[in-house]
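Please look through the sequence and the structure shown here before reading on. The report after them is meant for a reader who has not met this structure before.

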Amino acid sequence: MKFAFPVLLATTLLTPFAVFADPRVDAVLDQHVLPRFHALTDATAALANAEDCDVVAEWDAATEAWIAVSHLRFGPTEVDNRAFSLAFWPDPRGSTPSALTTLLSDDAPAIADVSIAGRGFYALEYLLFDDAFSDVDGRCDLIAGLAKDANATAQAIEADWIDHYADLLRTTGNDTYRDDTEALQQLYGAITGGLDFAVTKRLGVPMGTFERPRPRLAEMRRSGRSLDNVAVVLESLEEMTLLLAGGDSDGVIADQFAAARLALDNVGEIEGGADFSIVADTSGRFKVEVLQNRISEIRTYLSEELGPQIGVIEGFNADDGD
Amino acid sequence: MKNFLLTTTLCVTAPAVFAETHAADVLTTYSNIAEAGYQDSLTTAQTLQAAVDALIADPSEANLTAAKAAWLSARVPYQQTEVFRFGNAIVDDWEGKVNAWPLDEGLIDYVDASYGGPTDGNEYAVLNVIANPMFKLSGEDIDASEITSDFLEGQLHEADGVEANVATGYHAIEFLLWGQDLNGHSAGAGNRPWTDYAAGEDCTNGNCDRRADYLKGATDLLVGDLEWMVGQWSEGGEARAAVLADDNTGISIILTGMGSLSYGEVAGERMRLGVMLNDPEEEHSCFADNTHNDHFYDGLGVQNVYLGSYTRIDGSVVSGASLADFVAVQDVALDGEMQTKLSATMRELGDIKHAAEAGFSYDMMLEAGNASGEDLIMGGVNAFIDQTRTIERIVAAVGLDVLGIEGSDSLDDPDAVFQ
């Protein structure tokens, strides 16, 4: 074709043959994806095996393990809506409390058959931290049931990764990934998708507009994990970005993430920073906005530098749309 | 940022003159289809407007039925234009007034007690403006004694900055014609009595005159908004000019619209979420039970712009140089893959439509544990996702980039995407 032939040619020349896996793909799989999904299995097992329903610490650890893989939304997490059943948020119509009410009713359906809004870490947060559920009948059993459900889901995701999905990315030339560029594209899209979700949802939803901030819509405000979740995201995405870039000789990637972490610490220092309730006042909102801008700058860097460097395009993601 | 990438691509590729000409022809066909689609949407909305006027002048069962039929017809061309939304800033900025969804209908009119009250996200979910000529909104006294188009558009729509406060557009009108669907997961749409528009003592549920004012105001507004959009795509219109201004950008706009509608919007937000939440309120047309058609005509719109052909409401065809031709010149196999996947999607969406029309309604499909319903809907979801992968391959093959989430903004302001 006449239009973009030189680009295609360049891509072809730069793309290694599919016989050997791209070392960057191997690195991301072996040092990021597989160990972190294994950590999710372990953390949800600890939650599921707790002896009583006082599981705040176990929930916290398992939630952290989930947030650290929450950008890896392709392949095994998308089978049977597994990721959604671990994490349904944002919840603009209050579906989670109403699904929990259904699950606590006398003729409750099996957990695996119920709306995703009643399952996973966000539903557990309601049961553990919301006053409306603090002493309802059946709370303890439901916590145990949801914990086991989450563990089963985490095991299924990890098993798929180990059994076949990692190999699809390593040995491309299959129906899912035609060449290494498509594998790199998938991994790159996970990073940009994770950054976009942090900017537009984790931070953007509670920020609302300047005139009308929405602190009550902050992610996991009940447990006060709102800011911690962003910290975990940054830590995990930095790890993945460095692996995908194959290094950071000039330190640019590390600098960008360090700047975001500094902005994050500035939010954390203030009373009300942990659950983003500070967005309700102007100076607090400004600090959250600075954090949002720092993350947006990482995103811009990826589009302008890392994407072209590894030869991938800006693709579509699940949050396109409204 | 995107501009930077596009410019780079342009410099590197230095397209041959005849290839450029070909891209321009593709963009012209695309713009012609948009213009015809919005013109058809306008024509059918004007028919709806006449039917609404007749219902208000002479309330009756027959006139309510006629207005509902006109609404259903109006949705056929409109849904086929949704593919123009993402990527075209002019459309995306405007769309919220016309097709916003989902809505907290309690803002507008009476609702059943089971609907609930104000939520974390929306204090005005049960405002009921039809019953309340005076109310407070975000601390301000609002005079709603006259329900006019200006009031709906200027004051009520997205009240308190909440997107679910949808006061205007197709779905507000749908609610005013059908009412709430209280059948849950059983067959049946909303069942608003025609007497909700009756005069004097025959009036049911109160405030029939204000309800009629609302319906009239919302319908007039829809017609006005569609007239404006037809102008944007006519010769000399801004939306057409934006598409035709640059070949690379124009082709990016087409692909962005196809992919974003397929994946994030319809497959994700509208279809998959509903099936995962098992919530009949998550239907795109939950009052009229027309959701199977919403998805079907969205899918058809994507296919239309790729194949460069749109069949109008009078049966005539608008067609010309297509994106399919353009892709085939570069990679005939890739074009074949795209056409196959678009057809596969239409088959899946057709299965949903056929089943719904035969009595297995969309809200029945959404019920928890209804395996065949879930399979039908997920068949559509997976087909949309699958076709998006091929759209991405085309984006890569033609050496372009998808415009970002609010990608349309990036045409005017490269940094806007990340603000």
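The text below takes the two chains in turn, going from whole-chain figures to individual helices, strands and residues.

This is a predicted model, in which local features need pLDDT of at least 70 and side-chain atom pairs count only at pLDDT 80 or more, while totals for chains, interfaces and linings use all residues. Residues are numbered from 1 along each chain as its sequence is written, and chains are lettered from A and ligands numbered from 1 in the order in which they are written.

**Chain A as a whole**

The secondary structure of chain A amounts to 11 helices and zero strands, where helices (H or I, at least four residues) and strands (E, at least two) are DSSP runs numbered from the N terminus. Chain A has a radius of gyration of 21 Å, close to the 20 Å that the globule rule gives for 322 residues, so it is as compact as a globular protein of that length. That radius is taken over C-alpha atoms, and the globule rule is 2.2 Å times the number of residues to the power 0.38. For chain B, with 419 residues, the rule leads to a radius near 22 Å for a compact globule, and the value of 22 Å found for chain B agrees.

The table sets out further figures for each chain. In it, a residue is buried if 20 or more other C-beta atoms lie within 10 Å of its own, exposed if 12 or fewer, and partly exposed in between, with C-beta atoms placed from the backbone. Two residues are in contact if their C-beta atoms, placed from the backbone, lie within 7 Å.

| Chain | Span of C-alpha atoms along principal axes | Buried residues | Share of contacts with a separation of 6 or more that join residues 24 or more positions apart |
|---|---|---|---|
| Chain A | roughly 65 × 50 × 35 Å | 48% of 322 residues | 73% |
| Chain B | about 75 × 45 × 45 Å | 56% of 419 residues | 72% |

**Domains and a kinked helix in chain A**

Chain A is divided into domain 1 (21–171) and domain 2 (177–315), with bounds that come from an automatic or database domain assignment. The C-alpha centres of domain 1 and domain 2 of chain A are 22 Å apart. Their contact takes 24 residues from domain 1 of chain A and 28 residues from domain 2 of chain A. On the side of domain 1 of chain A that touches domain 2 of chain A, helix 2 (23–48), helix 3 (56–67), helix 6 (120–129) and helix 7 of chain A each supply at least two residues, and the largest share, seven residues, comes from helix 2 of chain A.

Helix 7 (residues 139–170) of chain A has 32 residues and should span 46 Å at 1.5 Å a residue, and its end C-alpha atoms are 44 Å apart, which agrees. The expected span here is 1.5 Å times one less than the number of residues in the helix. Helix 7 of chain A nevertheless has a kink of about 55° centred on I162(A), the bend at a residue being the angle between axes fitted to the seven residues ending there and the seven starting there.

Elsewhere in chain A, a cis peptide bond with omega of about 0° joins W89(A) and P90(A), and P90(A) is placed in the loop between helix 4 (82–86) and helix 5 (95–103) of chain A.

**Helices, strands and loops of chain B**

Chain B has 15 helices and four strands. Strand 1 (residues 134–137) and strand 2 (residues 140–143) of chain B pair in the antiparallel sense over four bridges, where pairing requires that DSSP finds at least two bridges between the strands. Within this pair, K136(B) stands opposite D141(B) in strand 2 of chain B. The hairpin has two residues between the strands, and S138(B) takes a positive phi near 50° there.

Helix 9 (residues 247–277) of chain B has 31 residues and should span 45 Å, and its end C-alpha atoms are 42 Å apart, which agrees. Helix 9 of chain B bends by about 45° at A267(B) and is mostly covered, with 30 of its 31 residues buried. Just after helix 9 of chain B, N278(B) has a positive phi of about 50°.

The peptide bond from W101(B) to P102(B) is cis, with omega near -5°, and P102(B) lies in the loop between helix 4 (89–99) and strand 1 of chain B. D160(B), in the loop between helix 5 (149–156) and helix 6 (170–178) of chain B, has a positive phi of about 60° although it is not a glycine. With 16 C-beta neighbours inside 10 Å, D160(B) counts as partly exposed.
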